Each structure stands twice: as structure tokens, then as C-alpha cells.
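Q: Please take a close look at one part of this structure. Describe that part and its surroundings in plain terms for someone who has not seen the model before.

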Amino acid sequence: MPMTRSHTREVEDLVLHRAQRGDSAACRALVLRHQRRVVGQLRAMLVPAGRGLLVEDLAQETFLRAFRALPRFRGNGPASLGTWLVTIATRVALNELRRRSTRTECLDTVTESMQTHGAAVAERHASATAIEQAVADLSPAYRGAFLLREVHGLDYAEIAEVLEIDVGTVKSRLSRARANLRKALAEVHDG
């Protein structure tokens with residue numbers, strides 16, 4: 001018998017309440033349920049800045065911070081647990097990016113792909129690489145807002161809360177991020 005949404009929500013709420021009381025099995029269940037989203041956000045924020053090796057460490061830090069604050073989390077508010085965790089991950093990543101400003105370039109794997117898979121695959125890979133590079137070249141502030149909107153589907157108010165900025169600033173950052181991406185991708189296409 002398939003579970004209904006309300007039943008699924010009840011199970012999630014039960015796991016959350018058990019985790020809030022310190023139940024280690026419930027905490028592990030929360031990590032397993034949300035780690036992909038947290039790691040994805042951290043990877044998207046850190047890899048472009050040449051700090052991909054820190055993703056796992058900062059994912060652990062994210063969950064440690066979350067578990068310390070979990071007793072105060074109220075799931076009946078505007079933020080779901082997943083959104084709250086992505087918020088923490090984004091702040092952890094932004095703090096890391098502010099702390100150390102060195103940038104290293106990623107290795108280019110397009111040549112290898114062209115040799116092994118042919119022109120069509122190489123073209124798709126080159127497009128994906130161009131998009132990744134264009135997103136990577138955005139400033140951390142623009143990249144954070146862009147990823148929260150386009151990857152995680154947060155609305156403007158949620159992004160404003162995550163980044164602790166005004167909604168108008170969110171709109172401005174998203175507009176500028178999209179303009180920078182259009183320009184960068186047009187240059188790749190024309191070049």
C-alpha cells in the first residue's frame with residue numbers, strides 16, 4: 001500500500017522530533033535524506049573557487065551546526081528542513097569563500113572526452129563545461145543567489161532569508177548573474 005503525502009509528512013515529522021531529542025538513528029536518517037542536497041549546494045559553491053576538496057568537511061560542519069541548532073528548529077515555519085539545511089550549507093560555503101580568496105583553475109577534460117566519445121559528446125561536454133565555467137566565474141554572492149534559485153528552487157523571500165539580504169538585492173543579484181551568464185555564453189558561442 002503506497003504512502004500518502006500526509007503519511008510521509010507524519011513519518012518525516014516523527015524522525016525530526018526524535019532527532020531533536022538526540023536519537024542517533026533519527027539523526028543518521030536525516031543526514032541520509034538530505035546529504036545529497038547539502039553536498040550539491042556546497043559543491044556548486046566551492047568547486048568553482050578551487051575548493052572542491054573542502055566539500056565533505058564543510059558538509060560535516062553543516063550537519064554539525066544543524067544538529068546543534070536542531071532543538072530550536074520549528075518545522076511548522078516557512079522553511080522546510082531541507083531548505084534550512086541548504087541555508088546553513090550556503091552560509092558555511094560563503095564563510096569559507098570569504099575566509100580564503102585564492103582561486104585555482106580546474107583541469108580541462110574536454111580534450112579527453114573528444115578523443116574517446118566523438119564530436120556529439122564532445123560538443124555536449126563543451127557546452128556543459130562552458131556553463132559550469134560561466135557559473136563558476138560569477139562572484140560568490142551572485143553564484144549563491146543563482147544556485148539557490150535555479151538549482152534549489154527557492155523563491156526570492158527564501159533566498160533573502162538564507163543570504164540575509166533584502167529581496168530587492170536578491171532580484172538585483174539574480175538579474176546581474178543571468179546577464180553575466182548570457183554574456184559569457186554568448187562569447188563562447190561566438191568565439
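A: A residue counts as buried under 20% relative accessible area, as exposed over 50%, and as partly exposed in between, using a 1.4 Å probe and protein chains only. This is a predicted model, in which local features need pLDDT of at least 70 and side-chain atom pairs count only at pLDDT 80 or more, while totals for chains, interfaces and linings use all residues. Residues are numbered from 1 along each chain as its sequence is written, and side-chain values use heavy atoms, leaving out hydrogens and water.

The part chosen is helix 4, residues 81-99. Helices here are DSSP runs of H or I with at least four residues, numbered from the N terminus. Of the 19 residues in helix 4, 15 are buried, and the helix is mostly covered. Its end C-alpha atoms are 27 Å apart, in agreement with the 27 Å expected at 1.5 Å a residue; the expected span is 1.5 Å times one less than the number of residues.

One partner is helix 2 (residues 24-46), whose axis comes within 9 Å of that of helix 4 and crosses it at roughly 35°. Axes are lines fitted to C-alpha atoms over the stretch in contact, with angles from 0 to 180 degrees between N-to-C directions. From helix 2 the contact (heavy atoms within 4.5 Å) involves residues including Leu30, His34, Leu42 and Leu46, and from helix 4 residues including Leu81, Leu85, Ala89 and Leu97. By class, the contact has twelve nonpolar, five polar and two charged residues. Ala, Val, Leu, Ile, Met, Phe, Trp, Tyr, Cys and Pro count as nonpolar, Asp, Glu, Lys and Arg as charged, and the others, Gly among them, as polar.

Helix 4 also gives ten residues, the largest share, to the largest nonpolar core. Such a core is a set of buried Ala, Val, Leu, Ile, Met, Phe, Trp, Tyr and Cys residues joined through side-chain atoms within 4.5 Å. This one has 47 residues, and Leu42, Leu81, Trp84 and Leu163 are among those with the most contacts inside it. Leaving aside neighbours within four places in sequence, Leu163 is in contact with Thr90, Leu94, Ala145, Leu148 and Arg173.

On the helix 2 side, Leu42 is also in contact with Val55, as are Val39, Arg43 and Leu46. Val55 lies in helix 3 and is buried, at 4% relative accessibility.

Terms used: Helix = DSSP H or I, 4+ residues; strand = E, 2+ residues; numbered from the N terminus.
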